[in-house]
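I am opening a notebook on a structure that is new to me, and I want to keep each entry to what I looked up.

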Amino acid sequence: MGPEELGSVYESLLELVPTLDLPGRVFGFAGITDAASSSGNARKTTGSYYTPDSLVQELIKSALDPVIAQKLADHPANPIDALLSITVCDPSCGSGHFLLAAARRLAEKLAELHAPDGAVRPDDYRHALREVASRCLYGVDINPMAVELCRVALWLETVDPGKPLGFLNHHIRSGNSLLGTTPDLIAAGLPDDTFTAIEGDDKPACAELKKRNKAERAGFGPLFAKEEDSIREKLRQAATAIEAMDDSQPAALQQKEAAFLTNETAPEYRHAKLLADLWCAAFVIQKRSRGVGILPTPRSVGVSPTATSSQSSIHNPQSPIPSPEAGQLLHTEEDLFGQPVPAAKPTAKPKSSLNAKRAIANSTYIGKAASRVDGVKTDNFNPTTPTGITTGTLRDYVQGKPLPEDLELEVTQLAHQYRFFHWHLAFPQVFDQGSFDCILGNPPWERVKLQQKEWFAERRTEIAKATNASIRKKLIRELLVTEPELHAEYLSALRVAEGESHFLRRSVRFPFCGCGDINLYAIFAETNRQLLSDIGRAGCVLPTGIATDDTTKAFFQNVINTNSLISIFDFENRAPIFPAVDRTVKFCLFTCGSGRLPSVKRAEFVFFAHRVEDLYEMDRRFSLGADEIALLNPTTKTCPIFRSGRDATLSALLYQKTVPLGQTNLGFGFLPKIDMTDEVGSFKLALDRYLWSPVCETIDVSDLLYIRLYESKLMWHYEHRFATFVGSSEEDFEAGNPNRVETDTLQKSDGLSLPRYYVPEPLVADRYSGTNERTKTAPKYLLASRRLTKPANERTAVFAVLPQCGCGNSMFAFTGQSIEHIVWLVANGNSFIFDYCTRNKVGGTNLLQFILQQLPLVPLQEIRSATYLRGEDGLRDWLLPRVLELTYTAWDLEAFAADCGWPGPPFRWDEERRFLLRCELDAAFFHLYLGSEDEWRQQPAALTRAFPTPRHAVSYIMDTFPIVKRKDESKHGTYRTKDTILQIYDALAHSIATGTPYQTLLHPPPADPTCCHPPKS
């Protein structure tokens, strides 16, 4: 078995969740030997997935190879030492796949440098691998099994005949890479947000601690800095000395192991670690007033309750290191370890009444009144104050005042429970040289939240398999009586999860990603940049949302503004590259610098790749600078998504000539959604027998008026009657699968679309009151667009005017516009060219609000002044009649027609007229967006090379809608939509060139009274 195969072994082991049936005397695994779900497996909860080597190699090229080249270029006189000075780290190393790849690349180069004639022999490569592994590679993982597998993988790869396995414990370590502190954070004291109450905290106690902490921060920084400089130098010297020790012989290896153990138990290290643990524990320790109950603690938190504070404070969560013999003198040439190892002490006896003693001590952690703890005077002791840790606690400890013994024990327990990991203490020699040169990895893609299904999957499968959340919560509450220990364990796990989230949000260690719905991958991305040296590079596998989502926009803006983005290579998992991950998931190879120095002027991009080979298709690959990204996404500065370089070049022009929807300053606003999950209890089902026939626009139930609740699937371009639940089976109704409205219904002026739900009119009136403050009634019509959509659909942007209704959370509803603004937005939003821009923005299955706000609209004044559109006012004389005829096809939109100035009945449904009306609108918007041929010739050469004329751009954009093309060819034998739009486009171009008004293809012209239904009888 090769070292890489350990990755798949590791993944498979994490997949297994043991199940034990005692009455049946059966042992098995959830989801494999029984019918239970394996959703609670450790792979899911740790986000661990084996990364294919093809992706790893691409990150080696983008992140490590440039670092190697830079180091060798900077030190031409001593290339070997320069190469061996490179430090590579994986903060979530798993089985070590990335570190193995880095070791091989570095060893290849080192072997070449060692070979005077350039001919690398196998022995040279093996020696180089061992040397690189012991000096250049660093890894951390929260899972101890992963750490062991990583070491084994490196040992297998670096076996050198005649030598023992290399010492790796000081470089491959176990802990939570994200939960730790830095000297700068400690020096600043504890932030006030440390004392925001979480599950199990007492709010009055938190308020008191926050007030006290604010007064204690002054002057702590210089006090800490003086001690920190002294301790840091000693730790650096010790770590450097261990690095220099030989491990090529068994005796030397044992000496190196013993030196490492001595360093880990040295007073300086223990003091620095406990101080760092204190800072972190302040966020997660239970804060309570005297007499308030203590939240139950799980039986196993990594430290025995009977351990002495001394033993627990030096506990090493990694695999045990062989202890040196008593009395042995450990030393180096610098005599850093010149101290005898004491004989092992007997295990301490269990302390009596530990919980009672802890309760007393817990109420004395913080205070200003002088008292005594175990006979030692301390200013940090007062039996009347709330428990917790403040900056005053840190100051007392730095000044040499001992902590209450039970506080030290609890901090040590919390450190093991949360796996605190302090990078500056674990690798002081690296940070003395300016941090890591290269970060590689594939961190977890998991939300920081306890998932009940997963937690109970391996404890109580009946709870995990509960059919809905309310039943699950009821079963959990019953545990309080039936299994109080399991319930206590659950509460503790809940607090741990909330404690982790609280630390990530409030510790100020993650200013960019520690907000919103936190996902671990984003926190790791920010950590990676923090760990880099000035010229370092980080290359990681991350969800593409790191560059496109609103929740990570602050991080991506900083990456862009500091010119530290190097490349983003985006993949759809359709192949699939990750077999165990859903095929709709999008991820990317994200490479960036630290941001302290510029990395590149223009970053490279590839989107929608399915295989690694796609990255080398030159038409897919393009580059953008920070100014171009700001132009394309002016509000969020997030990453635009393009399928090719041509799309990027064309889009840059479109955004230069337009205004973002969110910056129109014309009163567009987003109405609050009506949540179809949380508020469904107030709805009425249309499937009820008394509602089923006839189809109703409104209903009265117990003197309360109910109106239709629209979902996005019920509407299409200019159509508020696109789909209906009339005739749906009960199964389709429940699943939300409507039918297309039949043509004979569309041709009726009173034909309606039946929704699944009716919603109380007062609820809609209250929710949408901003549109009608005087009467407090629901607006008579709304402009809406689909939220639930994706770029692979037939069309992506869909706008329509809807009759009086409520809008579900699968759509956007707009308010605050005049009728002209509604006409403008519905016409512009339904155009193919606007849809093209939308498809280049949407990466998933939702058109999110921040994306919609950045989409480009033709300025209203440009439409008004387009004299080649027949009439003096392009909006009033061209857009409005076409939008009116396309929209007003039933009496339920009479209020909209009246506001448009139309007093007549609805327009008849005529498919051919509707087709030509839309083609004319599309052709006009192509001209408005792209400009004339004279303007086109003034554009950058990259654009005119890709598209010699604007007409070529029109043809290209229409070809990006393959489903529209396929339907046309199937029904008409040609791509009729494209052909007709180009025909009208050419006619408009002639009008522009000659100054003559365009003559419509419609007879009679748009919105002619002869096209209407008869008036109401």
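How much accessible surface does the protein have, and what share of it belongs to carbon and sulfur atoms? I looked this up before anything else, keeping in mind that the model is predicted, and I found that the accessible surface comes to about 42500 Å², with 52% of it belonging to carbon and sulfur atoms.

**Entry: the whole chain**

I next looked up the secondary structure, and I noted 43 helices and 28 strands for the protein. For burial, I wrote down that 56% of the 1017 residues count as buried. I also looked at contacts between residues at least 6 apart in sequence, and here 74% join residues at least 24 apart.

**Entry: charge on the surface**

Which residues gather in a patch of negative charge on the surface? I found E730, E731, D732 and E734 there. I followed E730 further and placed this residue in helix α29, which covers residues 730–735. E730 counts as exposed because its relative accessibility is 52%, and the cut-off for that word is over 50%.

I then looked for charge of the opposite sign, and I found a patch of positive charge on the surface formed by K449, K473, K474 and R477. K474 has its place in helix α21, residues 469–482. With a relative accessibility of 47%, K474 counts as partly exposed.

**Entry: backbone geometry**

I kept in mind for this entry that most peptide bonds are trans, and that most residues other than glycine have a negative phi. Where, then, is a peptide bond cis?

I found a cis peptide bond joining A575 and P576, with omega at about -5°. P576 sits in the loop that runs between β12 (565–572) and β13 (586–593). I also noted that the bond from H1003 to P1004 is cis, its omega being near -5°. P1004 belongs to the segment that comes after α43 (976–994).

I went on to the phi angles and stopped at K637, a residue other than glycine whose phi is positive, near 60°. I located K637 in the loop between α26 (626–632) and α27 (645–656). Is K637 buried or partly exposed? I have K637 down as partly exposed, because its relative accessibility is 27%.

Y718 is another entry under this heading, since I found its phi to be positive and near 60° although the residue is not glycine. The loop that holds Y718 lies between β20 (704–710) and β21 (723–724). Y718 is buried, because its relative accessible area is 3% and the word applies under 20%.

**Entry: salt bridges**

How many salt bridges does a search of the whole structure find? I noted 48 of them, and I reminded myself that side chains of opposite charge can pair when their charged atoms come close.

I looked up R130 and D247, which form a salt bridge whose closest N and O atoms are 3.4 Å apart. This pair links distant parts of the chain, for R130 is in helix α6 (residues 122–135) and D247 is in the loop between α10 (220–244) and α11 (250–265), with the two positions 117 residues apart. R130 is buried, its relative accessible area being 9%, and D247 is buried with a relative accessible area of 9%.

I then turned to D277 and K273, whose side chains meet in a salt bridge with an N to O distance of 2.8 Å. Both residues lie in helix α12 (residues 267–284), where four residues, or about one turn of the helix, set them apart. I noted D277 as buried at 4% relative accessibility. Why is K273 counted as buried? K273 counts as buried because its relative accessible area is 19%, and the cut-off is under 20%.

My last pair was R876 and D877, which form a salt bridge with their closest N and O atoms 3.1 Å apart. R876 is partly exposed with a relative accessible area of 44%, and D877 counts as partly exposed at 26% relative accessibility. I closed the entry with D65, R105 and E108, which are joined into one network by salt bridges that share partners.

Key. Residues are numbered from 1 along each chain as its sequence is written. This is a predicted model: local features need pLDDT of at least 70, side-chain atom pairs count only at pLDDT 80 or more; totals for chains, interfaces and linings use all residues. Side-chain values use heavy atoms; hydrogens and water are left out. Buried means under 20% relative accessible area, exposed over 50%, partly exposed in between (1.4 Å probe, protein chains only). Contact means heavy atoms within 4.5 Å. Accessible areas come from the Shrake-Rupley method with a 1.4 Å probe; for residues, only the protein chains shown count as cover. Patches are made of residues with over 30% relative accessible area and no salt bridge: like charges are joined within 9 Å, nonpolar side chains (Val, Leu, Ile, Met, Phe, Trp, Tyr) within 5 Å. A salt bridge is a side-chain nitrogen of Lys or Arg within 4 Å of a carboxyl oxygen of Asp or Glu. Lys and Arg count as positive and Asp and Glu as negative; His and the chain ends are not counted. The place of a charge is taken as NZ of Lys, CZ of Arg, CG of Asp or CD of Glu.
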